[in-house]
Amino acid sequence: MSSAPQTSAPHASWGAATSPLASLAGMPFAKGHGTGNDFVLVADPDGARDIVPEQVAALCDRHRGIGADGLIRAVRSAALPEGRYLLGTHPEAEWFMDYRNGDGSVSEMCGNGVRAFVHFLAEEGLVTLADGEALTIGTRAGIKVVTRSANGYAVDMGPWEFIFPAAAAERALDSLVETDGLEVDRPALSVSMGNPHTVVALADEDELLSADLHRAPRVDPVPPHGTNVEFVVPAEPLVTDGVGHIGMRVHERGVGETLSCGTGACAAAVATRHWAGDEAVDDWQVRVPGGTVRVRFIPGPEGREHVELSGPAELVARGVLA
């Protein structure tokens, strides 16, 4: 008589694996956000910590970790190859924002993140920055200049550009986006702010609320390095007292829906201004689920138009990994 096959209990191995955070025990951290876009922030001035993607994802896990949209490591530019490259032309960029998405993947830039990053540097005593003073920061999207003000931080995000410029010039649209919760595919316009964005215009607030962003929207054609997808609704009227107003939701690469996206707000303003034609203005208020940020178009030092993003940044907690 043969014996019954031996099977293990379905959950026998749960909790048996070593946590990916074990090797980071004792590491100090802070938790911060910019209009609800939240980050784990770590000071690593000399680049001594090697935080691998699995550990980033574990730190950002909202059930088993600290919980965040991404991780920002504060490291001196001289400690990273990308930072040393920037120091060649911008020796004042002492600090580099090493930013990772919540899934551990590397990201070029984050507009809300860079405000939280500079606030973290100041609160840690790593820099001194009075109201009205500016700090030059290195990022994987190049140099960013951040100015402290009474109500937060303003960031020169640098020049913008269309990802598919011929289609943008000819049709003001370059792709189609399929989104759960919306019945038909929607045309969109792709904008680079140093990282890629695809902006979709919706008719009203009901459509904005109907979009299900638990799953990434499908974009065709998708930019070469993937894309963040912004859904925008213009206010009625679009412009009041010389300021444009739009509402926005966003699905970020490697994260999912977030309460805010700084570079996404800039891209949304770029696309909306392009679509607005005669109603185009250079000053915009972008309302996101986490609050409101300001986007302005300003002259750049090299003759190209730049985008300035401003808004609050806050630290809400500090701790040490167990």
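This briefing covers confidence, the annotated cysteines, helices α1 and α6, one strand residue and the backbone exceptions of a predicted model. The mean pLDDT of the chain is 93, and 95% of its residues reach 70 or more. UniProt, in an unreviewed entry, places the feature "active site" at Cys110 and Cys261. These two residues are spread over 152 residues of sequence, yet they cluster in space, with a largest C-alpha distance of 7.3 Å.

**Confidence**

- Residues 1-14 have pLDDT under 50 throughout, and the model gives this stretch zero contacts beyond four places in sequence.
- Where pLDDT is low, the predicted coordinates should not be read in detail.

**Annotated cysteines**

- Both Cys110 and Cys261, the positions that the UniProt record marks as "active site", belong to the lining of the largest cavity.
- Cys110 is placed in the loop between β4 (95-101) and α3 (111-123).
- Cys110 has a relative accessibility of 2%, and because buried means under 20% it counts as buried.
- Beyond residues up to four places away in sequence, Cys110 touches Asn37, Phe39, Met97, Tyr99 and Thr263.
- Cys261 sits in the loop between β15 (256-258) and α6.
- The relative accessibility of Cys261 is 3%, so this residue is also classed as buried.
- Once neighbours within four places in sequence are set aside, the contacts of Cys261 are Asn37, Asn112, His197, Glu230, Met248, Val250 and Glu252.
- Asn37 appears in the contact list of Cys110 and in that of Cys261.

**Disulfides**

- A disulfide is a covalent bond between the sulfur atoms of two cysteines.
- Searching the whole structure gives zero disulfides.
- For Cys60, which is in no disulfide, the nearest cysteine sulfur is that of Cys110, 11 Å away.
- Cys60 is buried, with a relative accessible area of 5%.
- Cys110 is in no disulfide either, and its nearest cysteine sulfur, that of Cys261, is 6.2 Å away.
- That separation of 6.2 Å does not qualify because a disulfide needs sulfur atoms within 2.5 Å.

**Helix α1 (residues 53-60)**

- The buried residues in α1 are Gln55, Val56, Ala58, Leu59 and Cys60.
- An α-helix has 3.6 residues a turn, so residues three or four places apart point the same way.
- The buried residues of α1 pack against three strands: β2 (37-43), β3 (70-76) and β4.

**Helix α6 (residues 262-276)**

- Helix α6 has 15 residues, so at 1.5 Å a residue it should span 21 Å, and the end C-alpha atoms are indeed 21 Å apart.
- The expected span follows from 1.5 Å times one less than the number of residues.
- Most of α6 is covered, with 13 of its 15 residues buried.
- Just after α6 comes Gly277, which has a positive phi of about 60 degrees.

**Ser310 in strand β18**

- Ser310 is located in strand β18 (residues 305-311).
- The relative accessible area of Ser310 is 16%, so the residue is buried.
- Aside from neighbours within four places in sequence, Ser310 is in contact with Tyr153, Ala154, Val293 and Arg294.

**Backbone exceptions**

- Most residues other than glycine have a negative phi, and most peptide bonds are trans.
- The peptide bond joining Asp220 and Pro221 is cis, with omega at about -5 degrees.
- Pro221 is in the loop between β12 (218-220) and β13 (228-240).
- A second cis peptide bond runs from Glu236 to Pro237, with omega near 0 degrees.
- Pro237 is placed in strand β13.
- Ala172, a residue other than glycine, has a positive phi near 65 degrees.
- Ala172 belongs to the loop between α4 (165-171) and β9 (175-178), and its relative accessibility of 18% counts as buried.
- Asp241, also not a glycine, has a positive phi of about 55 degrees.
- Asp241 is in the loop between β13 and β14 (243-252), and with 77% relative accessibility it counts as exposed.

Methods:
Residues are numbered from 1 along each chain as its sequence is written. This is a predicted model: local features need pLDDT of at least 70, side-chain atom pairs count only at pLDDT 80 or more; totals for chains, interfaces and linings use all residues. Side-chain values use heavy atoms; hydrogens and water are left out. Helices (H or I, at least four residues) and strands (E, at least two) are DSSP runs, numbered from the N terminus. Buried means under 20% relative accessible area, exposed over 50%, partly exposed in between (1.4 Å probe, protein chains only). Contact means heavy atoms within 4.5 Å. UniProt positions are given in the numbering used here, feature names are shortened, and annotations may be inferred rather than shown by experiment. On a 1 Å grid over the protein atoms alone, a cavity is a set of points where a 1.4 Å probe fits but cannot get out, and a pocket is an open set with protein on both sides within 12 Å along at least five of seven lines; lining residues have an atom within 4 Å of a point. pLDDT is the predictor's confidence in each residue, from 0 to 100.
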